[in-house]
Protein chains: 2
Amino acid sequence: MTNKLIEQLSVVTDSKIALIVIDGLSGIPDSKGKTELETANIPNLDALTANSICGVTDPISPGITPGSGPAHLSLFGYNPLEYKIGRGLLEALGIDFPLEAGDLAVRGNLATMDKDGKIADRRAGRISTEENVKICKLLEGIEIDGVRVFVKPVKDHRVVIVFRGKGLDDALSETDPQREGLAPLPVKPLGPLAAETAGIVTRFIEEVKKRLSNSFPANMILLRGFARSQQLPSFHERYKLRAAAIASYPMYRGLARLAGMEILPVGGSLSDEFDCLKQNLNKYDFFYLHVKYTDSAGEDGNFEKKVAVLEEVDSYIPGLLELNPDVLIVTGDHSTPAILKGHSWHPVPIILYGRYTGSDDVAMFSEKECAKGGIGRIPAMQVMPLAMANALKLTKYGA
Amino acid sequence: MTNKLIEQLSVVTDSKIALIVIDGLSGIPDSKGKTELETANIPNLDALTANSICGVTDPISPGITPGSGPAHLSLFGYNPLEYKIGRGLLEALGIDFPLEAGDLAVRGNLATMDKDGKIADRRAGRISTEENVKICKLLEGIEIDGVRVFVKPVKDHRVVIVFRGKGLDDALSETDPQREGLAPLPVKPLGPLAAETAGIVTRFIEEVKKRLSNSFPANMILLRGFARSQQLPSFHERYKLRAAAIASYPMYRGLARLAGMEILPVGGSLSDEFDCLKQNLNKYDFFYLHVKYTDSAGEDGNFEKKVAVLEEVDSYIPGLLELNPDVLIVTGDHSTPAILKGHSWHPVPIILYGRYTGSDDVAMFSEKECAKGGIGRIPAMQVMPLAMANALKLTKYGA
């Protein structure tokens with residue numbers, strides 16, 4: 001409902017919005033009683049906080065720990081309970097595969113079958129990525145009843161398979177029995193619209209067996225996590241924005257691509273990313289810039305590393321402010337507390353900087369301080385409407 | 001959903017609720033770093049804040065700037081995305097026209113057509129309101145297929161037309177081509193249910209042409225903003241309240257009338273309005289009192305004037321408290337920051353005063369301070385349930 005509203009109210013203006021997403025931003029206190037943000041020396045972010053209005057967001061709702069897909073969709077203003085990005089899709093996005101609406105993606109393991117048709121090794125001896133690439137070449141050009149199949153290497157024994165055609169459905173059972181010594185499971189339709197797709201996938205597996213019959217130990221593929229790609233209303237449709245994504249990690253580029261953002265080529269460092277924003281400033285009116293390593297450090301339980309990445313991000317804030325964005329948002333997609341070694345449900349601090357934000361008394365960028373801010377606690381889905389409003393890109397609702 | 005709940009739980013008691021709506025209440029800091037509320041000397045409102053619980057509300061949701069219609073509906077507890085008040089209706093409400101559910105209202109311009117049927121002047125030489133009144137008299141008593149038509153003067157060349165009958169639909173195209181030298185556009189149905197209404201409006205226009213053929217320069221009406229009146233569940237049905245509205249501006253009287261409030265006759269000053277509340281205290285158990293001039297000053301970009309009106313409102317607070325309302329709410333319908341010269345999306349401070357509110361530490365009535373209050377940030381639609389609860393007019397949900 002609100003989404004349609006935004007589409008109706010959004011207008012094109014010259015103002016520019018920058019959304020800086022520090023992945024896994026927030027944390028909880030370690031044994032010394034401080035979070036990563038509270039420990040980090042981040043004078044520029046603190047100063048920005050003092051000149052902004054701030055608050056905290058819930059990626060989904062209180063208590064819910066989101067994956068990267070739903071957390072990002074929410075920040076981009078899409079209801080993550082309505083638009084779903086299943087595992088297979090995330091895997092495809094993660095290798096920069098150019099997904100189209102309606103594509104059916106699934107994760108695959110290269111595996112070893114013995115001569116009795118039982119699984120001898122679910123990971124084909126963890127073959128190398130180089131071997132994986134060769135195997136995938138053997139599987140090029142498969143087409144079944146007008147459905148094209150792309151088999152792409154990910155890493156080690158992992159592949160992703162994308163089916164492209166009309167009427168594909170992802171209500172399918174998985175073929176990986178999760179144990180060795182068993183036969184692969186047949187693909188079964190789990191919903192009324194999936195029977196035809198199940199048949200196509202079954203024939204694909206037969207073709208794989210045939211083509212890989214001489215490729216021991218990788219003579220089979222086990223499938224998990226079927227997911228069909230949904231058409232998201234694009235940033236251009238919904239917000240009338242010329243939007244660009246700056247992300248060194250493929251998955252985030254993929255999520256931005258699903259939202260219709262243009263993907264800017266960029267190197268792997270934070271410096272590359274912020275430079276890229278500067279170079280492209282005049283060509284777009286919305287920038288999504290993704291910082292990955294806070295999340296990786298959190299996932300590794302590496303508190304100090306996460307602190308260090310936060311401090312590195314801090315060093316780019318003055319340069320960012322020199323670009324005079326009309327609206328600057330610094331936030332995260334979700335929390336990744338180092339002591340939990342994974343994503344968590346904790347609300348995420350947000351700074352909203354601009355000419356018309358109003359103000360509050362918060363002067364430190366931390367979980368605790370931002371929770372006292374003028375924005376209060378809002379669903380992450382409301383961040384884009386707030387950004388648009390503050391950039392004067394939304395007209396009035398009703399007379 | 002919640003609405004049905006309130007209807008189910010509400011009970012009649014002797015307690016009294018006063019809802020003071022300061023139109024366009026909140027603002028953002030000007031060059032001196034303070035908002036209108038922060039600049040105003042409002043000791044009585046500050047003292048009331050100290051003795052109340054406070055917070056901020058979103059008229060629609062974060063980032064959305066509401067018109068007066070949806071902002072008021074929301075405060076009255078109606079979902080503004082469900083109940084819509086289109087342009088034509090607002091115009092009818094603005095002249096105190098007693099709208100009924102199902103009425104179709106549209107704004108009209110008296111215009112001049114040349115002998116070739118082209119529009120020579122879209123405003124009929126901006127004729128005077130006196131002339132307008134005479135023209136409208138010529139158009140009295142039109143009835144088409146059982147649909148009665150009321151043509152009423154607004155101001156200068158502006159009129160409002162209300163069609164009253166069964167099955168009217170507002171999915172109609174406008175007849176004003178927005179340029180001179182063109183013929184008026186035909187009314188076309190824009191939806192499957194509007195064909196019959198389009199026919200009726202077309203015949204109305206024919207009748208207008210005939211009756212005004214000797215009324216040069218006002219020999220035509222151009223139509224814009226068709227809107228059908230929806231039945232709102234009344235305050236009596238939903239809240240079991242005997243509700244009265246005190247508003248010197250017709251549009252707000254009209255909105256209150258749509259909600260089934262009784263409209264009290266009142267003069268144009270704030271003093272008149274607060275007197276009116278006092279005089280009628282024993283006759284009703286809910287009062288909506290509307291303060292217009294904060295919004296007008298904000299719209300004019302007149303920061304000082306808005307400050308002055310706030311200070312004037314402040315002077316009536318002691319008298320209001322002497323009446324011992326069980327629940328007193330002071331809030332706004334939306335923000336109108338003087339520096340934006342228009343409505344805005346910023347959340348609106350609210351004070352909730354009563355015996356059972358609980359307390360917080362806020363002691364100043366401002367955007368920033370109220371954002372720290374015990375109510376937090378809530379949708380404006382939840383204000384009426386809070387008011388009802390604090391007046392002990394809502395029973396328990398479930399056993």
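**Close-up 1. Helix H5 of chain B and its packing partners.** In this predicted model, the buried residues of H5(B) pack against helix H4 (68–75), helix H9 (250–258) and four strands of chain B, namely E3 (104–113), E6 (147–155), E7 (158–164) and E8 (220–228). The helix itself spans residues 87–94 of chain B and is mostly covered, with seven of its eight residues buried. Take a look along the helix for Gly88(B), Leu89(B), Leu90(B), Glu91(B), Ala92(B), Leu93(B) and Gly94(B), which are the buried ones. Just after H5(B) comes Asp96(B), whose phi is positive, at about 65°.

**Close-up 2. Where chain B meets chain A.** Here we turn to the contact between the chains, to which chain B gives 28 residues and chain A gives 22 residues. On the side of chain B that touches chain A, at least two residues each come from H4, H5, helix H14 (367–370) and strand E14 (376–379) of chain B. By residue type, this side of chain B comprises 14 nonpolar, eight polar and six charged residues.

**Close-up 3. Two copies superposed.** Laying chain B on chain A gives an RMSD of 0.3 Å, and doing so takes a turn of 126° with a shift of 0.3 Å along the axis. The two copies are thus related as by a three-fold rotation axis. Do the copies meet through the same surface or through different ones? Only 7% of the interface residues of chain B are also interface residues in chain A, so the surfaces are different.

**Close-up 4. The two domains of chain A.** Domain 1 of chain A is assigned to residues 2–83 + 233–390, and domain 2 to residues 90–228. Their C-alpha centres are 35 Å apart. Seven residues from domain 1 of chain A and six residues from domain 2 of chain A take part in the contact between them. Helix H9 (residues 250–258) of chain A provides six residues, the largest share of the side of domain 1 that touches domain 2. That side of domain 1 of chain A consists of four nonpolar residues, two polar and one charged.

**Close-up 5. Nonpolar cores.** The largest nonpolar core has 131 residues, and those with the most contacts inside it are Ile246(A), Phe287(A), Tyr288(A), Ile329(A), Ile350(A) and Ala387(A). For a closer view, pick Phe287(A): leaving aside residues up to four places away in sequence, Phe287(A) touches Ala18(A), Leu19(A), Ala244(A), Ile246(A) and Leu277(A). Apart from this core lies another, of 124 residues, including Ile135(B), Ala218(B), Tyr249(B) and Tyr353(B).

Terms used: Residues are numbered from 1 along each chain as its sequence is written. Chains are lettered from A and ligands numbered from 1 in the order in which they are written. This is a predicted model: local features need pLDDT of at least 70, side-chain atom pairs count only at pLDDT 80 or more; totals for chains, interfaces and linings use all residues. Domain bounds come from an automatic or database domain assignment. Two residues are in contact if their C-beta atoms, placed from the backbone, lie within 7 Å. Ala, Val, Leu, Ile, Met, Phe, Trp, Tyr, Cys and Pro count as nonpolar, Asp, Glu, Lys and Arg as charged, and the others, Gly among them, as polar. A residue is buried if 20 or more other C-beta atoms lie within 10 Å of its own, exposed if 12 or fewer, and partly exposed in between; C-beta atoms are placed from the backbone. A nonpolar core is a set of buried Ala, Val, Leu, Ile, Met, Phe, Trp, Tyr and Cys residues joined through C-beta atoms within 7 Å. Copies are superposed by least squares on the C-alpha atoms of residues with pLDDT of at least 70 in both.
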